[in-house]
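Colleague: Please take a close look at one helix pair in this model, and then at the core around it. I would like a connected account rather than a list.

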Amino acid sequence: MTTQERANYIINKLEALYPVLSIPLSHKDPYTLLIAVLLSAQCTDVRVNQITPKLFDLADNPKSMVALGQEKIQEIIRPCGLSGNKSRAIVALSQALLDKYNGQVPQTLEELESLQGVGHKTASVVMVQAFSIPAFPVDTHIHRLAKRWGLSSGKNVVQTEKDLKQLFPMEKWAKLHLQMIYYGREHCTARGCDGSRCEICCRLNTK
């Protein structure tokens, strides 16, 4: 099976398994999505969704978040881990949005990545999920699956993202990255599948 044949099989299989998907992180606009994605670093989406309602009840826009202050933010988000770094980043990026973008979340990767605490993956998630601008965010689940399924030999997420963008049609990126995340969490987990146990791995006969 060629790499492109593998990709085509995966598209069809994941579409059959996950024809309809919701975005895992609860949010109501680009700003609250940006904050939720930032909080999800080294934290589960479930935990983030437990924390953000309290945070957003107090501050759901840059001006209110800056006014809330780092100390209070850190207290609320502590269960998400790395609360010191994350709270500092939230205040800094919120102030930057007020100073540079009239309180609005920018819609380019370059501008998003200029914000404190916002890396390429976070920026890509916001681009595709908040603005429907084509992007293929690659997290640890997708990086693992791409290697197991013979789609990429990339040693880092940057190369894996490049390989996947070449294999899959742009119009599939938004949905496919979510489908792969869900499959990686539910079927092809880091410890539950060694590349030969889940249905897709078995079909592709990868090791």
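Modeller: In this predicted model, α5 and α6 pack with their axes 9 Å apart, at an angle of about 130 degrees. Angles over 145 degrees count as roughly antiparallel and 65 to 115 as roughly perpendicular; α5 and α6 are therefore oblique to each other. Their crossing is right-handed. On the α5 side, the contact is made by Q70, I73, Q74 and I77. The α6 side contributes S83, G84, K86, S87, R88, I90 and V91. By type, the residues of this contact divide into four nonpolar, five polar and two charged.

Both helices also belong to a wider setting. The largest nonpolar core has 37 residues, and L55, L93 and L115 touch the most other members. The elements giving two or more residues to this core are α2 (30–39), α3 (45–58), α5 (70–77), α6 (83–100) and α8 (120–131). Of these, α2 supplies the largest share, eight residues.

L93 deserves a separate word. Leaving aside residues up to four places away in sequence, L93 touches Y31, L34, I35 and L38. On the same basis, L93 also touches L115, Q116 and V118. L115 is thus named twice: as a contact of L93, and with L93 and L55 among the residues that touch the most other members of the core.

Apart from this core lies another, of 28 residues. Its members include F168, W173, C193 and C198.

Note on methods: Residues are numbered from 1 along each chain as its sequence is written. This is a predicted model: local features need pLDDT of at least 70, side-chain atom pairs count only at pLDDT 80 or more; totals for chains, interfaces and linings use all residues. Side-chain values use heavy atoms; hydrogens and water are left out. A nonpolar core is a set of buried Ala, Val, Leu, Ile, Met, Phe, Trp, Tyr and Cys residues joined through side-chain atoms within 4.5 Å. Buried means under 20% relative accessible area, exposed over 50%, partly exposed in between (1.4 Å probe, protein chains only). Helices (H or I, at least four residues) and strands (E, at least two) are DSSP runs, numbered from the N terminus. Contact means heavy atoms within 4.5 Å. Axes are lines fitted to C-alpha atoms, for helices over the stretch in contact, and angles run from 0 to 180 degrees between N-to-C directions. Angles under 35 degrees count as roughly parallel, over 145 as roughly antiparallel, 65 to 115 as roughly perpendicular and the rest as oblique. A crossing is left-handed if the near helix is turned anticlockwise from the far one by less than a right angle, and right-handed if clockwise. Ala, Val, Leu, Ile, Met, Phe, Trp, Tyr, Cys and Pro count as nonpolar, Asp, Glu, Lys and Arg as charged, and the others, Gly among them, as polar.
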